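Hello,

Here is the structure I promised to pass on. Have a look at it first, and my notes follow underneath.

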Amino acid sequence: MNAFQDIAGELGTGATVTVRQVRRWESGTPGWPHPTARTVLTALFGRTPEALGFHRRVRPLPPARSTATHPPAEEGLKRRTFVSRSLAVVGSAAIPTTADEVLSCLGTDPLDGLRDALTGTVRTREPRSVEALRRATATAKRRMQSCEYEQLARHLPALMAEFEAPGATATERRAKDLLAVHAYHVAASLCLKHDDAASAWVAAEKATAAARRTEDPAAIASTHRILTHAVASAGHRRQALRVAVTGVDELCGQEGGMTPDHIALLGALLLRGAWVAAMGEDRDAAAELLDEAERVAKSLEEATNRQWTAFDSHNVALHRLSVALRLGDAGRALQAARSVIPARLAVAERQAAYWSEVALALHACGRTEKAVRALLAAEHAAPQEVRSRPVMRDLIGDLLRCDRAGRFSSLRTLAHRAEVRA
């Protein structure tokens, strides 16, 4: 019951459930739940009502009349009557009366709630205080960096909806905008992890609008970073690189000098720009941006996570691996991997990214067994990074096809955990 109420609150449906109702659902004749209850149950269990054991009531066919009472001349009429009545019965069971009845039958997507929040169709609950929102936003950022994607997909929509509510004062509105930048950044990152560049772009634009309202240099630089990623993932690499360079220029051109937070954001922007340049096969630009990021990293402490960037020299080394891989040079990527100490990467997401990239490079070199071992290391660092991301699931499928003989039992068990079939 508590789980039902929590999900109902997150979805903003206002649905409630009693002990008696739960017992009825658990009985042999559970009936067919109300549309709002079906929506909550589908989100809670990730399965359709039919898969959970609920059954629609279907009106029985009227009793057939004996053929002995009707002359042969009425045979055609009887057939037409039977067909029309059958269609009526089928229609009464299949034709929905509300949109809820159609949507509840569709397969659920873990990002549906997030997309609803981005399109403004999630109800806003009673707004919390700025301090409560600050704690909730920080939790969302930590979950992102810990690769807790399932938990984020459940809790982030309700948080985002709160930022749509107007603030009582200009000061409160600005404080909420600063937090909204981070919340929408997380939303965009989560969409990108699931290869949804379109939704990521929407979230990045919302973050950018909030940042521009605050006129805060750090907030604006942060949105340039996520907007660069979203635009590049949508296939517009020249524009994405321009966004990154513009962000660097704005940050460097501000008055008052550079704080450590600004330096971390500058380095993160340079790394994002190098990644985009590599996607566009611009080796010179990628190398120049990486070298500049390395110079910036030398002015910061090691293992920092300022402004949630995880930027330091170790992250620069990781990006040298990523850039080489994007440029199609798996051998150089593996060479770059030797200079990275994954345990020194600031957050779990970066550690998992390291092992994932190594696995991709090893697979490109035809070294299946070692690729599997790298994937297992990535899963150990962050299970959901491997089990839920499409690119990692595709890699597992490719490795399964390479291992038709079934030599690597650990690959089979990994595929089972990730629910991947060859």
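What volume does the second largest pocket have? The answer is about 1,000 Å³. For the search, a pocket is an open set of points on a 1 Å grid over the protein atoms alone, where a 1.4 Å probe fits and protein lies on both sides within 12 Å along at least five of seven lines. Grid points are joined across faces, edges and corners, and the volume is the space filled by probe spheres set on the points.

Before going further, please keep in mind that this is a predicted model: local features need pLDDT of at least 70, side-chain atom pairs count only at pLDDT 80 or more, and totals for chains, interfaces and linings use all residues. Residues are numbered from 1 along each chain as its sequence is written, and side-chain values use heavy atoms, with hydrogens and water left out.

Back to the pocket. Its lining consists of 40 residues, of which Lys-193, His-229, Arg-272, Glu-349 and Arg-350 are the closest to the centre; a lining residue has an atom within 4 Å of a point. By type, the lining has 18 nonpolar, 12 charged and 10 polar residues. Here Ala, Val, Leu, Ile, Met, Phe, Trp, Tyr, Cys and Pro count as nonpolar, Asp, Glu, Lys and Arg as charged, and the others, Gly among them, as polar. Helices α7 (130–145), α9 (170–193), α11 (217–233), α13 (260–279), α15 (313–326), α17 (348–364) and α20 (390–402) each supply at least two lining residues. The most come from α17, which gives 6.

As for the whole protein, it has 21 helices and 0 strands. Both are DSSP runs numbered from the N terminus, with helices being H or I of at least four residues and strands E of at least two. Of its 422 residues, 45% count as buried, where buried means under 20% relative accessible area, exposed over 50%, and partly exposed in between (1.4 Å probe, protein chains only). Among contacts (heavy atoms within 4.5 Å) between residues at least 6 apart in sequence, 62% join residues at least 24 apart.

Two of the helices deserve a closer look. In α9, 18 of the 24 residues are buried, so the helix is mostly covered. The end C-alpha atoms of α9 are 34 Å apart, which agrees with the 34 Å that 24 residues should span at 1.5 Å a residue; the expected span is 1.5 Å times one less than the number of residues. After α9 comes Asp-195, with a positive phi near 60 degrees.

In α11, Ala-219 counts as buried because its relative accessibility is 6%. Leaving out residues up to four places away in sequence, Ala-219 touches Leu-178, Val-181, Ala-211 and Thr-214. The C-alpha atoms of Ala-219 and Leu-178 are separated by 6.8 Å, although the two are 41 residues apart along the chain. Thr-223 lies in α11 too and is buried, at 2% relative accessibility. Beyond its neighbours within four places in sequence, Thr-223 is in contact with Val-181, Ala-207, Thr-208 and Ala-211.

Finally, two loop residues other than glycine have positive phi. Cys-147, in the loop between α7 and α8 (149–163), has a phi near 65 degrees and is buried, with a relative accessible area of 2%. Trp-308, in the loop between α14 (283–297) and α15, has a phi near 60 degrees and is partly exposed, at 25%.

Best wishes
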